[in-house]
Amino acid sequence: MRITFLGGAGTVTGSKYLLEDGWGKALVDCGLYQGFKQLRLRNWSPLPADPKSIGAVILTHAHLDHSGYLPVLARNGFQGKIYSTAATRDLCEILLTDAGALQERDAEFANKKGFSKHAPALPLYTQAEAEACLPLFHTVDYGTSYKLPGGLAVKFFPAGHILGSAFAEVTTQGRRILFSGDIGRPNDPIVRERAPIRSADYLLVESTYGDRRHREADPEDDLERIIRETVAKGGAIVIPSFAVGRAQTVLYHLHRLRKAGRLPDIPVFLDSPMAVKATAILHNHRGENKLSAEECRDVCGIAKYVSSPDDSKAIDKRKGPQIIISASGMATGGRVLHHLKAFAPDPRNTILFAGFQAGGTRGAAMMAGAESVKIHGEYVPVKARIEMLDQLSAHADWAEILEWLKGFERPPKHTFITHGEPAASDALRHRIEEKFGWKCTVPDYRDTAELR
């Protein structure tokens with residue numbers, strides 16, 4: 001069997017791993033590239049494998065860096081099935097269709113304002129193309145070994161990252177390859193615990209935080225402090241947030257602060273149609289989260305949901321303190337860009353990031369101290385206070401990854417370090433080799449390895 005790394009190699013985005021053997025071809029994850037332009041251009045280039053030749057896609061979870069290329073794959077001829085958990089399928093229906101609609105709106109806006117270098121600007125895919133790939137989904141329960149055409153089998157285990165996230169164990173001819181997807185953190189307040197894994201012949205492990213530890217400070221203490229300090233200046237707090245996972249975690253902590261009387265009496269807006277729909281899915285998959293029905297209702301009720309573009313624009317015209325949670329989490333697109341244009345130039349305000357910022361994104365630039373960022377063809381000054389709550393990350397840090405790896409009763413024949421920027425991946429490689437003595441490789445884009 002051969003594996004080719006078509007994404008998630010040298011970067012945290014674009015996860016795609018092509019498996020090939022006598023039974024044919026299968027793709028594990030099918031993500032979009034984000035961040036640096038040279039990475040984003042890969043979304044527009046032909047996939048190195050003909051989509052018509054791929055018999056199946058196995059999806060670890062719904063985030064767009066793992067699922068967002070599916071509409072393009074289907075449009076270009078993929079006719080197999082997409083295997084995922086039920087919650088992943090439900091979240092993909094929201095994420096993919098909204099991503100298509102957003103790309104259409106962004107292209108229309110760019111053409112109207114004339115700031116695109118392309119004439120005309122086009123979406124990578126449309127809402128209709130996203131909807132067209134949804135019938136290809138086939139859901140599989142956790143812990144069930146499901147046989148795919150050609151003798152391949154897949155089994156999902158809870159990964160503790162977001163609703164529906166999974167470690168994917170792929171078996172063929174007696175060989176087991178484990179794909180970690182994104183590894184969740186222990187003791188997540190919402191998502192069920194990640195499963196221990198005892199063995200695998202080959203392992204692909206993510207390394208987003210392979211060179212970093214999360215701070216142990218209580219995120220609610222930091223959140224309360226940042227909010228109170230901003231409110232004291234009369235400012236607003238803008239929280240760029242991933243629509244699935246992070247937005248719900250932020251709502252959870254805001255709910256706990258308000259319940260404890262620790263949150264100032266200011267409005268909270270959830271301005272992301274995608275996040276609003278994803279938040280509702282908490283109710284539909286309560287078996288996969290730790291919240292009771294009452295807690296789900298209270299968490300979902302902490303914010304005022306913003307639906308129409310006009311209501312979104314009205315937020316930017318409001319005077320006085322407010323909290324705005326809006327996608328995207330790395331400020332690469334979506335409604336949060338309009339809020340950044342409105343609030344980033346004012347030093348009374350705070351831009352509060354709540355997760356990893358990939359290189360080449362506006363979020364990474366602001367965290368690095370950029371004095372301005374380019375939005376919709378013009379440079380917007382960044383004078384607002386920039387903060388980060390890395391405790392809210394849904395990715396395990398290097399110590400939490402090693403703790404999970406301790407559960408292996410025997411070492412994999414080979415471990416591939418993926419889904420990380422170069423320094424993070426190499427740091428995790430070094431730690432695994434030093435602690436466990438495992439044979440590790442950090443693959444490059446389009447590298448191929450034989451799994452014998």
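A disulfide is taken here as a pair of cysteine sulfur atoms within 2.5 Å. The model is predicted, so local features need pLDDT of at least 70 and side-chain atom pairs count only at pLDDT 80 or more, while totals for chains, interfaces and linings use all residues. Residues are numbered from 1 along each chain as its sequence is written, and side-chain values use heavy atoms, with hydrogens and water left out.

**Exercise 1.** Work out why Cys296 is not bonded to the closest cysteine sulfur.

*Solution.* Begin with the distance: the closest cysteine sulfur to that of Cys296 belongs to Cys300 and is 5.9 Å away, which is too far for a bond. Then apply the rule throughout, and the count comes to 0 disulfides. Finally, consider accessibility, where buried means under 20% relative accessible area, exposed over 50%, and partly exposed in between (1.4 Å probe, protein chains only): Cys296 is buried at 0%, and Cys440 is buried at 9%.

**Exercise 2.** Determine how many residues of helix H7 are buried and what covers them.

*Solution.* Helices (H or I, at least four residues) and strands (E, at least two) are DSSP runs, numbered from the N terminus. H7 covers residues 246-259, and 11 of its 14 residues are buried, including Arg246, Tyr252 and His255. Taking contact as heavy atoms within 4.5 Å, the covering elements include helix H6 (219-232), strand E12 (237-240) and helix H9 (293-300).

**Exercise 3.** Locate Ser272 and establish which residues it touches.

*Solution.* Ser272 lies in the loop between strand E13 (268-270) and helix H8 (273-284). Leaving aside residues up to four places away in sequence, Ser272 touches Ala243, Val306 and Ala327.

Methods
Expected span 1.5 Å × (residues − 1).
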